[in-house]
Amino acid sequence: MVENFNEKADFIWSIADLLRGDYKQSEYQKVILPLTVLRRLDCVTEPNKEEVLERHAELQEAGIENVAPSLRKAAGGQVYNTSEYTFSSLCNDPDQIESNLHYYINSYDEDTQEIFEKFDFSHQIQRLSEADLLYKVVRQFAEIDLHPDEVPNEEMGYIYEELIRKFNELSNETAGEHFTPREVIELMVNLIFNEDDEILTTEGAARTLFDPACGTGGMLSVGEDHVRAMNEDANLHVFGQEVNPESYAVCNSDMLIKGKSPDNIVYGNSFTEDGFKDQTFDYMLSNPPFGVSWKKVKEKIEKEHEEKGYAGRFGAGLPRTSDGAFLFLQHMLSKMKSKDEGGSRLAIVFNGSPLFNGGPNSGESAIRRWILENDWLEAIVGLPENLFYNTGIRTYIWVLSNDKPEERKDKVQLIDAQDLYAEMDESLGEKRHELTDEHINKITRIFGDIEANGRSKVVDKEEFGYRRIVIDRPLRMSFQATGERIESLDDETAFTNRDEEVQEAVKEALYELDSETQWMDRDEFIDAVDDCFESHGVDVRKSVYNAIERALGEQNDDANIVTDSKGNPEHDTDLRDRERVPLGKDPHEYFKEEVEPYVENAWINESSKYHDDQDGELGVVGYEINFDRYFYEYEPPRPLEEIDADIRELEDEIVELLSEVTE
C-alpha cells in the first residue's frame, strides 16, 4: 500500500500505462480522473454497505419513494450506493464487468450520479470494454485504498491536482490553468481571516466562503481546515462555481464526502450563468485563469455592462478581451455584504497585468479607479516566481474589503515577498519554489502590523492616481516647390479627387514658382501660391490648399511658427507629449514647474476631450499600481578610479596573453 501523496499519485498515474495505444495521451484523464473519484466514493460507502442495503430493502417493501434521507442516515453521510457491488466484487466477474459497473454507478444517489454525467463516463466504460481494458483498469484501482481515514481530504486534494497537472502537460493545455499550491492558499486564507477574531474564537460563529472559479475545491477546503483548526465550534459554509466539468465533478464529490450540500457547488460559467445570483458572502477566495480570453462570452458581458451599469456586475469597466481576470474580481465585489451586515473580505491571485495594463481611458484603469476611490483595496502581496505548477511568472495576491479597519482607511499596503521562498528538492512542472510555514507566518505578521519597512510600504490610495494632460508645441514649417514635392501631390486624396483638368492646372501653376526659394513662413508661401493661381486662372477649395501644404512643406525648427486664422499657434502632432500629473496637484502649477522651464513655447491643450469624464476637470484620470517602483533601491555606480583600475588590469592581462601567443 502506498504511503504518501506522491506515491499514491504515482501509483494512479501508472495505471494510465494500460491505456497506451488505445487512447491518446491527451485522453487519459477521461478515464483516470473519474475512476479515481469513483474509487474514493467506493471506499467511503463500503463500510456501511450492509446497513444501506438492508434499509433500502425495507423502504422498497414499504413502498416509500423518497428514500434519500433514510439511506443517507444509514450510510452515515451524503453519499450512498444501493447495489451489492464494490470495486473488489466487480472484479470477481470479469465477463460482466461492463454491465455491472454501469449498474453500480447508477445505484448511487442522484447527486453522485450527476458527477459522473459531468465526466461523461458511460461512454468511456463502453470504450474501455471494447478495448478489453475495463477489467484491467478497475482491478488496478481496487488495489489502492482511498478512504478518508487513509487519505485525508487535504492529501486527496494534492493527488487530484497532481493528476490534473500531469494531464494538462500531456495535452499542452497550460494557458491560464495554474492550480494554486496549498501553501499559497494557506497564505490567502490567513490574510482574509486576519482581522476577524470572532469566527476564530466565538462558539457557534458562522460565516460563508465563496470561490467563483473553484476548480477542484482546494481553496474551499483549506478555508474550512483553517477555521476548524482555530475554532472547532465555528461553522464555515463553503460555496463555489466551476466551468470545467471534470474539475466540478471532483470538487462536488469531495464536498459530498465531507457531508456538504451539493447545491453549494454549481456548474457553469460564472460570468454568463451566475449560480449565486443576488447572494452575498462573508469571505471570497479565487485564483482565476491568467490571461484567458473572454471573447466567447463577450456579447453577454457587454450587454450587462451597457444595460445595467453599476446595478450589474461589470459597471466599472471591461478589460481587454484577452484577459478576463478583472471580470472575476468585479463579479466577486458584486457579492460583498453591506457594511451594515458586517462587510466582506476577499483575496484573489493575479499576474502582473491588472497592476498596470491600460491607460486612463481603458477598462482596466477604470476598474482600478473604482476600487481605489471606493477604498476597497487593503493590500497587495508580491509573491516569488516559480510558485505555480504551470507557469514561472510572478504573481500577486490582492486583498480587498468594503469595511476596512480605521488604521487601513485611505491606504494600501504593498508587501514585497518575492525573495521569501525555499527551493524544492524536486520540481513539479514549473514549480521550483515553495512557501514554508515560516514564510507564511512572516508575511501574515507583516500584513497584520501595517507598518512601513523594507518589505512593506503603506501608500496613500491617491498616490496611484494621476491626471494625463496633453502638452503641445508649435508647428514650424518651411515650403519649397521642387518637382519631386509637386509630383507627390498624387499621394494626396484631396488633390486626386479633383478633375484631371484641375489637377493639371494646379501642377502647371506650381511649376511656375521658383524651385530654389524656401519659404520660412506659411502665410508668405500661401500668398505666393495665391498669386500664382490667380495668374493661371486656377480656383480650388481649401482642402486642395491643405494638400499642397502637406506635399510641399516640411517641419523645420528654424521656420516661423504656423498660426491659425485667429493668430493662435498650431500644434505639431509629432511633438505632442503627454504628462502624468499626480492627483491633488494642479495641472497648471505642474506645467509651470515641470514643463515650461524646459520646453520653449509649449502649452497645455485644454480641449474638452482632454478633461475627465467623471469630474470634468482638466486631465483624464488614470490609476496604475507600479508595485516594483516602491521597492526599488538606487545603487550608485562604482567610483571612476575603481573602474579605471579594473580596465588597466584587463589591459595588462590582454598584453600578457598576446605575448604568450606571439612566443
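## Report on a predicted protein chain

In the protein chain, 77% of the contacts with a separation of 6 or more are made by residues 24 or more positions apart, a contact being heavy atoms within 4.5 Å. The model is predicted, and for that reason local features need pLDDT of at least 70 and side-chain atom pairs count only at pLDDT 80 or more, whereas totals for chains, interfaces and linings use all residues. Residues are numbered from 1 along each chain as its sequence is written, and side-chain values use heavy atoms, with hydrogens and water left out.

### The chain as a whole

The protein chain holds 26 helices and 17 strands, where helices (H or I, at least four residues) and strands (E, at least two) are DSSP runs numbered from the N terminus. Its radius of gyration is 35 Å, well over the 26 Å that the globule rule gives for 663 residues, so the chain is more spread out than a compact globule; the radius is taken over C-alpha atoms, and the rule is 2.2 Å times the number of residues to the power 0.38. Along the principal axes, the C-alpha atoms fill a box of roughly 115 × 80 × 70 Å.

Of the 663 residues, 51% are buried, a term that means under 20% relative accessible area, with exposed meaning over 50% and partly exposed in between (1.4 Å probe, protein chains only). The chain exposes about 32500 Å², of which carbon and sulfur atoms supply 42%; these areas come from the Shrake-Rupley method with a 1.4 Å probe. There are 69 positive and 146 negative side chains, and the centres of the two sets lie 4 Å apart, counting Lys and Arg as positive and Asp and Glu as negative, without His or the chain ends.

### Helix H8 and Leu90

Helix H8 spans residues 121-130, and its buried residues include Phe121, Gln124, Ile125 and Leu128. These four cover an arc of only 105° around the axis, which puts them on the same side of H8; the arc is that of the directions from the helix axis to the C-beta atoms. Among the elements that cover the buried residues of H8 are helix H2 (29-45), helix H6 (97-106), helix H7 (110-119) and helix H9 (134-141). Just after H8, Asp132 takes a positive phi of about 60°.

Leu90 belongs to helix H5 (residues 87-90) and is buried, with a relative accessible area of 0%. Not counting residues up to four places away in sequence, Leu90 touches Tyr85, Ile97, Asn100, Leu101 and Tyr104. The C-alpha atoms of Leu90 and Val458, which are 368 residues apart along the chain, are separated by 62 Å.

### Buried residues in loops

The table places three loop residues between their flanking elements and gives the relative accessible area of each.

| Residue | Loop between | Relative accessible area |
|---|---|---|
| Asn386 | strand E6 (377-382) and strand E7 (396-401) | 8%, buried |
| Ile450 | helix H19 (437-449) and strand E11 (456-460) | 19%, buried |
| Val595 | helix H25 (587-594) and strand E16 (603-604) | 5%, buried |

Asn386 has a positive phi of about 55° although it is not a glycine, and Ile450, likewise a residue other than glycine, has a positive phi near 50°. Val595, leaving aside neighbours within four places in sequence, is in contact with Ile471, Glu579, Tyr590 and Ala602. Between Val595 and Glu579, which lie 16 residues apart along the chain, the C-alpha separation is 9.0 Å.

Conventions
Charge placed at Lys NZ, Arg CZ, Asp CG, Glu CD.
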